[in-house]
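Let's take a walk through a protein chain together. Have a look at the sequence and the model below, and then we'll go piece by piece.

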Amino acid sequence: MKMLLLSLTITIVFLIFCVSANAQNITKGYKQVDLGSTFNPKTSLGAEFSGSGSFGYFFGDYLSIGAFVNFGFDNVQKVSHLGGTLERLFPTGSQIVPFIGSVIGIYNYSDKSIDANNIEYHDSAFILTCYGGTNYFINNSIAIRTKANFSLATDEIFAKENEMTNTEFILNLGFVIYF
């Protein structure tokens, strides 16, 4: 609940203080802030929530580089993911702007269930995430963002059903602000 309240507060502050940008003319020097979340009420480990954010700088027309952070948890595990991003927008001349991108970074996994030796399980892996989606601009600087992510890790760190795997596919909903 605290995460939801914090996300809502940040959203309102950004909506109040945003300056206009032209969605079809995002050129060198523009910046972007992307906030998103996923929620799955029915996993084998209980309800799962994750929130993510990134900051990007456009070093070329429609091409940005930046930093990404993600935190997630359910009834048993907690995860964090930090990395660098590269993203490309494809202007269409309308309110809908598709994009693709990638994140490379490190993923940390912690299992809160304690084994017989009273040891909490931790693991980390390098991760490559490729994503694509669509921005729907509600004004010149704010867009609702839908995104599909596919991640590949160097170790089996993603929980699926009753096993661990090195791949993950998730859908994300959020918003992005350009300034």
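Which residue in β4 is the bridge partner of Leu-63? Turn to the strands and you'll find that Arg-88 of β4 is the one bridged to Leu-63.

Before going on, a word on what you're looking at. This is a predicted model, where local features need pLDDT of at least 70, side-chain atom pairs count only at pLDDT 80 or more, and totals for chains, interfaces and linings use all residues. Residues are numbered from 1 along each chain as its sequence is written, and side-chain values use heavy atoms, with hydrogens and water left out.

Now the overall layout. The chain has one helix and ten strands; these are DSSP runs numbered from the N terminus, with helices being H or I over at least four residues and strands being E over at least two. Reading from the N terminus, the helix comes up before the strands: α-β-β-β-β-β-β-β-β-β-β.

How confident is the predictor? That is what pLDDT tells you, residue by residue, on a scale from 0 to 100. The chain has a mean of 83, and 77% of its residues reach 70 or more. Confidence is lowest in helix α1 (residues 2-17), with a mean of 52, and highest in strand β7 (residues 142-153), at 94. Residues 15-22 have pLDDT below 50.

Back to the strands. Two strands pair if DSSP finds at least two bridges between them. β2 (residues 48-60) and β3 (residues 63-73) pair in the antiparallel sense over eleven bridges, and one of the partnerships is Phe-49 with Phe-73 of β3. The hairpin of these two strands has two residues between them, and there Tyr-62 takes a positive phi near 65 degrees. β3 also pairs with β4 (residues 77-89), again antiparallel and over eleven bridges, and a hairpin of three residues joins β3 to β4.

What about the inside? Of the 179 residues, 37% count as buried, meaning under 20% relative accessible area, while exposed is over 50% and partly exposed lies in between (1.4 Å probe, protein chains only). A nonpolar core is a set of buried Ala, Val, Leu, Ile, Met, Phe, Trp, Tyr and Cys residues joined through side-chain atoms within 4.5 Å. The largest one has 13 residues, and Ile-26, Phe-58, Leu-89, Phe-137 and Tyr-178 have the most contacts inside it. β5 (96-114), β6 (120-137) and β10 (167-178) each supply at least two residues of this core, with the largest share, three residues, coming from β5. Apart from it lies another core of eight residues, including Ile-127 and Phe-158.

Phe-58, Phe-137 and Tyr-178 turn up again, linked into a cluster by ring pairs. Rings of Phe, Tyr and Trp (its six-membered ring) pair if their centres lie within 6.5 Å; planes under 30 degrees apart count as stacked, over 60 as edge-to-face and the rest as tilted.

Finally, compare two residues. Asn-149 lies in strand β7 and counts as buried because its relative accessibility is 9%. Leaving out residues up to four places away in sequence, Asn-149 touches Thr-129, Tyr-131 and Phe-169, among others; contact means heavy atoms within 4.5 Å. Lys-160, in strand β8 (residues 158-160), has 35% relative accessibility, so Lys-160 counts as partly exposed. With the same kind of neighbours left out, Lys-160 touches Thr-165, Thr-167 and Glu-168.

Terms used. pLDDT = per-residue confidence, 0-100.
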